[in-house]
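The following note is offered to a colleague who will examine the model at the bench. The points are numbered so that each may be checked in turn against the structure.

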Amino acid sequence: MAPKSQAARSRETKSRAIQIAPKIAPGDNSTAAYDLAKIRADFPILSQKVYGHPLVYLDNGASAQKPKPVIDAMSEAYETYYSNVHRGVHWTSQRSTEAFEGGRAKVARFLNAASDNEIVFTRGATEAINLVAHSWGRKNLKAGDEVILSHMEHHSNIVPWQMVAEEKGARIRVAPVNDRGELIFEEYLKLLGPRTRLVGVGHVSNALGTINPVREMIEAAHGKGIPVLVDGAQAAPHMTLDMQALDCDFYVFSSHKLYGPTGTGVLYGKESLLEAMPPWHGGGEMIKYVTFEKTLYNDLPAKFEAGTPHIAGGIGLGAAIDYVTQIGLEAIGAHEHDLLAYATQRAAEISGLRIIGTARAKSGILSFDLGRIHPHDIGTMLDHQGIAIRTGHHCAMPVMQHYGVPATARASFALYNTRTDVDALMVGIRKVIEVFR
Amino acid sequence: MDELRDLYQEVIFDHNRQPRNFHKLPGANRHAEGFNPLCGDQLSVYLKVSDQDVIEDVSFEGRGCAISTASASIMTETLRGKTVQQAGTLFENFHRLVTGQDVDAVAPAADLGKLHVLTGVRDYPARVKCATLAWHTLQAALKNAATTVSTE
């Protein structure tokens with residue numbers, strides 16, 4: 001994949017801004033190119049019934065369901081060739097190593113990384129950020145240094161930095177957001193200063209759906225020689241990613257939100273940065289040579305992968321990447337965008353419903369509240385209609401504080417959701433309002 | 001939705017709409033804050049406890065879901081005039097009630113009275129913490145714990 005021009009990327013970002021069509025008919029938004037029925041048939045769980053209702057799964061931002069090819073790839077590994085990887089001389093170990101490292105190669109292609117060595121497997125996006133905070137952060141942060149984070153970060157991109165900042169005497173500066181839930185870019189630029197050592201930002205806000213202008217943010221930071229970590233947990237399942245075009249320094253995402261297994265995540269880091277970073281966890285796999293006097297560390301990416309990795313996890317993630325790539329990230333993004341536009345329009349028809357997060361560039365997340373009806377009550381009542389949504393602070397308490405709410409209800413869309421799902425959600429919300437009247 | 005009525009009884013809606021004893025308590029000599037990290041809900045419980053360990057007055061403040069607000073509201077109604085020891089027994093019984101355990105197993109069995117409207121919570125394990133937040137906070141206040149309690 002050739003790196004896209006900056007103009008092309010910028011157009012892409014803009015095109016994601018929601019354009020609400022004056023009239024969108026209900027029903028399924030399946031097209032000849034995007035066969036929803038076929039896609040849904042790939043996900044066994046979608047035919048489940050909950051409390052006698054067909055499952056309407058709208059908690060994809062928390063974790064996505066798994067398609068048959070992912071489940072099968074993992075079962076096949078365990079049933080036919082599983083073994084520990086990298087050091088075994090026997091057939092199963094060779095075969096497992098190929099499959100596991102094949103997963104890494106698929107991740108590298110998925111991100112358009114320059115090399116497989118830039119892909120470090122972790123337990124998840126959270127661990128990937130902790131790895132950078134503890135390895136890169138401990139080495140590079142000193143007293144008085146600053147780390148810039150956005151006000152809409154997930155706790156996993158706040159707390160690791162606070163921990164290191166506290167240890168080193170560094171401090172966290174927060175780039176503010178406006179009432180729509182968009183980063184205020186001029187304020188962000190003002191924060192970039194001589195003491196800034198790193199910028200950490202979510203590509204897509206999990207609580208609001210805001211797509212942050214990460215390309216422009218990286219460009220501005222790089223203008224001052226500041227590296228940027230992008231938390232892509234909510235972006236990877238929904239849009240084409242290109243590390244080389246983005247010129248990102250660190251990018252993290254988790255497998256389980258991308259239709260792969262839990263317990264596996266990815267840290268992408270520019271090779272030069274990863275090379276210069278000390279190891280974080282010590283153990284097997286991450287060494288070349290060990291004596292009690294001195295240990296010689298392994299090369300990338302093994303240096304950061306102490307212990308036996310989640311072998312089937314890497315294989316499952318590879319299968320998940322194959323799955324979404326086959327459908328096409330552009331097509332998936334367009335489908336989810338259509339669902340969001342439809343849901344936004346339908347939600348606006350419900351009196352008393354307030355959408356939390358109305359950024360012009362937004363991914364498939366609809367966060368809302370119903371005034372005095374608490375999100376937990378909404379969640380329980382929707383659950384009884386077979387509708388799974390997330391309720392709470394979404395591990396993003398600072399942005400909840402910004403909106404003055406303890407929690408919101410959140411519907412988040414995936415490639416298999418339909419307008420019928422959205423219709424069920426809206427009927428459900430109206431019932432909740434009715435019961436609470 | 002009808003089966004939900006076991007959880008959301010009319011009494012719960014009533015207490016959610018108009019929580020009783022919902023204010024700071026002038027002259028309170030015990031106080032604690034409770035916090036449910038699952039949903040970000042916070043509430044404060046205030047108590048006036050006599051030298052004879054009798055709860056003379058009790059109130060609460062904060063915000064939460066209908067289950068947590070109603071539970072706190074009914075708790076304050078139930079506790080007034082009870083001894084600290086009776087409050088402890090009530091909590092033990094109430095906890096058994098909402099987690100689906102045998103209430104009568106506790107001796108001496110305290111009369112749960114109106115607290116029975118929260119029985120439906122036993123079918124919703126994810127909501128037990130909503131129903132017990134006020135009670136955990138009460139425990140902390142009775143011990144005059146300076147720290148914030150959490151349901152986690």
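1. In this predicted model, chain A contains an open sheet of seven strands, arranged in the order S4-S10-S9-S8-S7-S5-S6 with mixed pairing. Its edges are strand S4 (119-122) and strand S6 (171-175) of chain A, each of which pairs on one side only. From one strand to the next, the twist averages 20°.

2. Within this sheet, strand S5 (residues 146-150) of chain A and strand S7 (residues 196-202) of chain A run parallel and are joined by four bridges. A convenient place to inspect the register is A:Leu149, which stands opposite A:Gly200 in S7(A).

3. Helix H4 (residues 91-111) of chain A lies across three strands, namely S4, strand S9 (250-254) and strand S10 (265-269) of chain A. The direction of H4(A) is at about 120° to S4(A).

4. A further open sheet in chain A has four strands in the order S13-S14-S17-S16, and here the pairing is antiparallel. Strand S13 (354-355) and strand S16 (390-392) of chain A are the edge strands, each pairing on one side only. Strand S14 (residues 365-369) and strand S17 (residues 408-412) of chain A are paired in the antiparallel sense over four bridges; A:Ser367 stands opposite A:Arg410 in S17(A). Helix H13(A) packs on this sheet and touches S14, S16 and S17 of chain A, its direction making about 160° with that of S16(A).

5. Helix H13 (residues 375-383) of chain A also meets helix H15 (residues 419-436) of chain A: their axes come within 10 Å and cross at roughly 120°. H13(A) is therefore oblique to H15(A), and the crossing is right-handed. From H13(A), the contact draws on A:Ile378, A:Met381 and A:Leu382; from H15(A), it draws on A:Gly428, A:Lys431, A:Val432 and A:Val435. By class, these residues are five nonpolar, one polar and one charged.

6. Which helix of chain A gives the most to the side that touches chain B? It is H13(A), with four residues. In total, 14 residues of chain A are in contact with 15 residues of chain B. H13, helix H14 (397-403) and H15 of chain A each supply at least two residues of the side of chain A that touches chain B. That side comprises six nonpolar, six polar and two charged residues.

7. In chain B, helix H1 (residues 10-17) and helix H2 (residues 66-79) pack at an angle of about 85°, with their axes 8 Å apart. H1(B) and H2(B) are therefore roughly perpendicular to each other. The contact is made by B:Ile12, B:Phe13, B:His15 and B:Asn16 of H1(B), together with B:Ala66, B:Ile67, B:Thr69, B:Ala70, B:Ser73 and B:Ile74 of H2(B). These residues divide into six nonpolar, four polar and no charged.

8. A remark on confidence is in order. The mean pLDDT of chain A is 93, and 93% of its residues reach 70 or more. Over residues 1-26 of chain A, however, the pLDDT is below 50, although this stretch has 31 contacts in the model beyond near neighbours in sequence. Where pLDDT is low, the predicted coordinates should not be read in detail.

Methods
Residues numbered from 1 in each chain as written. Chains lettered and ligands numbered in written order. Predicted model: local features only at pLDDT ≥ 70, side-chain atom pairs only at ≥ 80, totals over all residues. Axes fitted to C-alpha atoms, helices over the stretch in contact; angles between N-to-C directions. Parallel < 35°, antiparallel > 145°, perpendicular 65-115°, else oblique. Left-handed = near helix turned anticlockwise from the far one by under 90°. Contact = placed C-beta atoms within 7 Å. Nonpolar A, V, L, I, M, F, W, Y, C, P; charged D, E, K, R; others polar. Pairing = 2+ DSSP bridges. pLDDT = per-residue confidence, 0-100.
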